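Below are some notes on the model you sent, set out as numbered points. They start with the whole chain and end with a single residue.

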Amino acid sequence: MPQYSLYEEEFHPSPWQRTWRAFKESHIAMAGAVLLCVFVVFALFAPLLNPYGVNEQNIDGLLVPPSWTGNGSISHLFGTDSLGRDLFTRVIYGCRVTLGSAFITVVLAMLVGVSLGAFAGMLRGVRSSIANHLPDALMAIPTLLIAIIIVAIFGTGLVNSMWAITLALIPQFVHHTRSLVRTEMKKDYIVASKLDGANKWQLFTYSILPNMTEMLVVQGTIALSIAVIDISALGFLNLGAQSPLPELGAILSDGLDVTYLAPWNVALPGMAIFFLVLSINVVGDGLRSALRKRVNH
């Protein structure tokens, strides 16, 4: 029996094993995954990676250049800002705040959007038309614009910006979930489940939802990228996280006043946002390609 199990595992891999093997074939996707893992480690272990407090000021060390420049100091890897705060510490904590906030907003948007999308996909008649076209109309508006409108109504702050982006992302999950549910409802296995007496809740939970996992993973990575950009943009516009909270967009905004004196205060948090979004997008593209290869094979 053990030999048979090993044989089955080797020659009949599970769907996720086939997806992982296809994903590993792309060196770019693996590089993006490694980079994203670095950001995740920074976010999870930020207090252990920094010798300074996130808002600890040093009056004697204002605008110290990064350590790799001629006037830099090894004690401040990324230099300091206009208040003498260690920029490396603030960028690391900024990754934690930005990535953590984006992850929470995507999870909330996914839970609400999938629930509404499943409900819309099973409706018929006028209610179905309303539930189908309303998310499509909202998707025509950029998520950042929707978030700015909501923040302008309910006030600034990181929490309000997270709620705003959550509401802006929900229509995307509603749209994709509704489309998948309507497609699956026409298939033979759903018809067979109906004949067995399954109600709509049972159809979605036990038959449709397991087939949605891959779509949710791919859409989740896309939404995570959008959430990171929107949270950073709102922080940069002083509509989201407010100083001295170390959020990447807010850190970038704080550095604008000293751009000509200390350009690293703008360049380094900007590069952190760029590489964070890039790694998420590369991983998302790799997942889509891996899933497509798995289906084709």
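What share of the contacts in the chain with a separation of 6 or more comes from residues 24 or more positions apart?

1. This is a predicted model. In the chain, 69% of the contacts with a separation of 6 or more are between residues 24 or more positions apart.

2. The chain holds 12 helices and 0 strands. Its pattern along the sequence is accordingly written α-α-α-α-α-α-α-α-α-α-α-α.

3. On overall dimensions, the C-alpha trace spans about 75 × 60 × 25 Å along its principal axes. The chain has 297 residues, of which 45% count as buried.

4. The accessible surface of the chain is about 15,800 Å², and carbon and sulfur atoms supply 68% of that area. As for charge, the chain carries 18 positive and 18 negative charges, and the mean positions of the two sets lie 13 Å apart.

5. Helix α8 covers residues 158-184, 27 residues in total. From first C-alpha to last it reaches 38 Å, close to the 39 Å expected at 1.5 Å a residue. Helix α8 nevertheless bends by about 25 degrees at L169. A proline, P171, follows L169 within four residues.

6. E184 also belongs to helix α8. Is E184 buried or exposed? Its relative accessible area is 8%, so E184 counts as buried, the cut-off being under 20%. Leaving aside residues up to four places away in sequence, E184 touches Y189, I190, I208 and N211. In a revised description, I would list these four contacts of E184 together with its burial.

Definitions and conventions
Residues numbered from 1 in each chain as written. Predicted model: local features only at pLDDT ≥ 70, side-chain atom pairs only at ≥ 80, totals over all residues. Heavy atoms only, no water. Helix = DSSP H or I, 4+ residues; strand = E, 2+ residues; numbered from the N terminus. Buried < 20%, exposed > 50% of the residue type's maximum accessible area, 1.4 Å probe, protein only. Contact = heavy atoms within 4.5 Å. Areas by Shrake-Rupley, 256 points an atom, 1.4 Å probe, with all protein chains shown as cover. Lys, Arg positive; Asp, Glu negative; His and termini not counted. Charge placed at Lys NZ, Arg CZ, Asp CG, Glu CD. Expected span 1.5 Å × (residues − 1). Bend = angle between axes of the 7 residues up to and from the residue.
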